[in-house]
Amino acid sequence: MKTINLSACITTDKIDESREFYTKNFNARITFDCGWYLNLEFGKDTATLQFISPQQPNQPVSDGSGLIYNFEVDDVDLEYEKLTKLGNQPIMPLS
């Protein structure tokens, strides 16, 4: 897999507090915010952090512990096929 971009997504019930903390203290710029998912940029588009609520409107993502890693690739369908053929089970559908 050739990864174009990789970022960590922190699961938390404190989306609002995280937004406030990083924008106030580190001048983070909000690049996406839908209430339960927040993307912050720190000076350039490759310096990002994401925050996600463990409970989405449609389904739970996790129990709130650990990290989710976002991989940006050229062909998501091809990588999805490769990873599922290796026995990996997705917890969220591709959208």
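Which residues are linked in a network of salt bridges? I looked this up first and found Asp16, Arg19 and Asp33. I note for the record that this is a predicted model.

**Salt bridges**

I counted the salt bridges next, and the count comes to five. Side chains of opposite charge can pair when their charged atoms come close. I then went through individual pairs.

I looked at Glu41 and Arg29. Their side chains meet in a salt bridge, with 2.8 Å from N to O. Glu41 lies in strand 3, residues 37-41, and Arg29 in strand 2, residues 29-33, so this pair ties together parts that are twelve residues apart in sequence. I checked the accessibility of both partners. Glu41 has a relative accessibility of 12% and therefore counts as buried, the limit being under 20%. Arg29 is partly exposed, at 48% relative accessible area.

I moved on to helix 2, which runs over residues 76-85. Here I found a salt bridge between Glu79 and Lys82, whose closest N and O atoms are 3.8 Å apart. Both residues are in helix 2, three residues apart, or about one turn of the helix. Is Glu79 buried or exposed? Glu79 is buried, with a relative accessible area of 12%. Its partner Lys82 is partly exposed, at 40%.

I found a further pair in helix 2, formed by Glu81 and Lys85. The closest N and O atoms of this salt bridge are 3.0 Å apart. Glu81 and Lys85 are four residues apart, again about one turn of the helix. I read 39% relative accessibility for Glu81, which counts as partly exposed. For Lys85 I read 65%, and this residue is exposed.

**Thr84 and the backbone of Glu81**

I stayed with Glu81 and looked at its backbone. Its backbone oxygen lies 3.2 Å from a polar atom of the Thr84 side chain. I placed Thr84 in helix 2. Thr84 is partly exposed, with a relative accessible area of 28%.

**Nonpolar patch**

Which residues form a nonpolar patch on the surface? I listed Met1, Leu6, Leu67, Tyr69, Phe71, Leu83 and Leu86. Together they have about 750 Å² of accessible area. I asked which element gives the largest share of the patch. Strand 5, residues 67-73, does so with three residues.

I checked Leu83 separately, as a patch member that sits in helix 2. At 35% relative accessibility, Leu83 counts as partly exposed. Patch members must have over 30% relative accessible area, so the 35% of Leu83 meets that cut-off.

**Thr48**

I ended with Thr48, which I found in strand 4, residues 48-52. Thr48 has 17% relative accessibility; buried means under 20%, so this residue counts as buried. I looked for its contacts, leaving out residues up to four places away in sequence. Thr48 touches Ser7, Asn39, Leu40, Glu41 and Phe42. Among these I recognised Glu41, the salt-bridge partner of Arg29.

What joins the side chains of Thr48 and Gln50? I found a polar contact of 3.2 Å.

Definitions and conventions:
Residues numbered from 1 in each chain as written. Predicted model: local features only at pLDDT ≥ 70, side-chain atom pairs only at ≥ 80, totals over all residues. Heavy atoms only, no water. Helix = DSSP H or I, 4+ residues; strand = E, 2+ residues; numbered from the N terminus. Buried < 20%, exposed > 50% of the residue type's maximum accessible area, 1.4 Å probe, protein only. Polar contact = N/O pair within 3.5 Å; in protein donor to acceptor, adjacent residues only side chain to side chain. Contact = heavy atoms within 4.5 Å. Salt bridge = Lys/Arg side-chain N within 4 Å of Asp/Glu carboxyl O. Patch = residues over 30% accessible without salt bridge, like charges linked within 9 Å, V, L, I, M, F, W, Y side chains within 5 Å. Areas by Shrake-Rupley, 256 points an atom, 1.4 Å probe, with all protein chains shown as cover.
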